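Let's take a walk through this one together, starting with a charged residue and working from there to the rest of the fold. Keep the viewer open as you read.

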Amino acid sequence: MTVLNTLTYTKYSVPNNSDPVTKRRNKLLQKIDEQILLATDDTYTPTKRVTTTDAAGSIRTIDKPKRVKRWWSVQTDGKVLLTVRYGARAIEFQKGKDAIEVESVEALPAMLRTVRHAVADGELDELLAKYAQYGRTVRKR
């Protein structure tokens, strides 16, 4: 019983992940991680789990390739334009500017990691709140 007397005890509390700001931030962080994998690994193919019924009538769960749109495009001069998307829209960082200019494709993962750190620190929370409200209208009955 002497080992248990040396431990420090505290009350367990469940972390609050139901905060909408945290949900938006985590959603964007997952998408950025996916883009980092797309930029660094040429063989990466994202998958999703799909439940299907075959001809015999048995239900199976399979991994199916998922279509993921790249957030960057290579210009004719070799520069790369990176957009950060929330849903289907590119986030506009400054008025009329929704892309980040990167020197080359090799520098792209480092830029994505920089953006990821900014999102994790909460620097884009105000912009995410604006884009989360896009398309939502209040219906009057």
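**Starting from a lysine**

Lys 66 counts as partly exposed, at 29% relative accessibility. Bear in mind as we go that this is a predicted model. The side chain of Lys 66 has a partner: it makes a salt bridge with Glu 34, and the closest N and O atoms are 3.1 Å apart. Glu 34 sits in helix α2, whereas Lys 66 belongs to the loop between β2 and β3 (72–74), so this pair ties together parts that are 32 residues apart in sequence. Is Glu 34 buried or exposed? Glu 34 is buried, because its relative accessible area is 11% and the cut-off for buried is under 20%. So here a partly exposed lysine is paired with a buried glutamate.

**More salt bridges**

How many salt bridges turn up in a search of the whole structure? There are five, and two others are worth a look here. One of the five joins the side chains of Arg 116 and Asp 33, with N and O at 2.5 Å. Arg 116 is in helix α3 and Asp 33 in helix α2, 83 residues apart, so to speak a link between distant parts of the chain. Both ends are partly exposed: Arg 116 has 26% relative accessibility, and Asp 33 has a relative accessible area of 30%.

While you have Arg 116 on screen, find Asp 19 as well, in the loop between α1 and α2. Asp 19 is partly exposed, at a relative accessible area of 31%. From Asp 19 to Arg 116 is 97 residues in sequence, and their C-alpha atoms are 19 Å apart in space.

Next comes the pair Glu 101 and Lys 79, whose side chains meet in a salt bridge at 2.9 Å, N to O. Glu 101 lies in strand β7 and Lys 79 in the loop between β3 and β4, so the two tie together parts that are 22 residues apart in sequence. Glu 101 is partly exposed with a relative accessible area of 48%, and Lys 79 is partly exposed too, at 35%.

**Into the core**

Now turn to the inside. In soluble globular proteins, nonpolar side chains tend to be buried together. In this model the largest nonpolar core has 23 residues, and Leu 28, Leu 82 and Leu 108 are the ones with the most contacts inside it. At least two core residues come from each of α2 (20–40), β4 (80–82), β7 (100–102), α3 (108–120) and α4 (125–132). Which of these elements gives the largest share? That is α2, with six residues.

Leu 108 is a good place to see how the core is put together. Setting aside neighbours within four places in sequence, Leu 108 is in contact with Ala 39, Trp 72, Val 80, Leu 82 and Val 102. Leu 82 appears again here, itself one of the core residues with the most contacts.

Ala 39 also gives us a second reference point. Ala 110, in helix α3, is 71 residues away from Ala 39 along the chain, yet the C-alpha atoms of the two are separated by 9.9 Å. Ala 110 is partly exposed, with a relative accessible area of 44%.

**The hairpin**

Move on to strands β1 (residues 47–53) and β2 (residues 59–65), which run antiparallel and are joined by seven bridges. Together β1 and β2 form a hairpin with five residues between them. In the turn, Gly 57 has a positive phi of about 95°. To check the register, look at two facing pairs: Thr 47 stands opposite Pro 65 in β2, and Thr 52 stands opposite Arg 60 in β2. As you trace either strand, remember that in a regular strand the side chains alternate between the two faces of the sheet.

**A nonpolar patch outside**

To finish, go to the surface. Which residues make the nonpolar surface patch of about 340 Å²? Leu 4, Leu 7 and Tyr 9 do. Leu 4 is found in helix α1 (residues 2–5). Leu 4 counts as partly exposed because its relative accessible area is 42%, in contrast with Glu 34, which carries a charge partner and is buried at 11%.

Conventions:
Residues are numbered from 1 along each chain as its sequence is written. This is a predicted model: local features need pLDDT of at least 70, side-chain atom pairs count only at pLDDT 80 or more; totals for chains, interfaces and linings use all residues. Side-chain values use heavy atoms; hydrogens and water are left out. Two strands pair if DSSP finds at least two bridges between them. Helices (H or I, at least four residues) and strands (E, at least two) are DSSP runs, numbered from the N terminus. A nonpolar core is a set of buried Ala, Val, Leu, Ile, Met, Phe, Trp, Tyr and Cys residues joined through side-chain atoms within 4.5 Å. Buried means under 20% relative accessible area, exposed over 50%, partly exposed in between (1.4 Å probe, protein chains only). Contact means heavy atoms within 4.5 Å. Patches are made of residues with over 30% relative accessible area and no salt bridge: like charges are joined within 9 Å, nonpolar side chains (Val, Leu, Ile, Met, Phe, Trp, Tyr) within 5 Å. Accessible areas come from the Shrake-Rupley method with a 1.4 Å probe; for residues, only the protein chains shown count as cover. A salt bridge is a side-chain nitrogen of Lys or Arg within 4 Å of a carboxyl oxygen of Asp or Glu.
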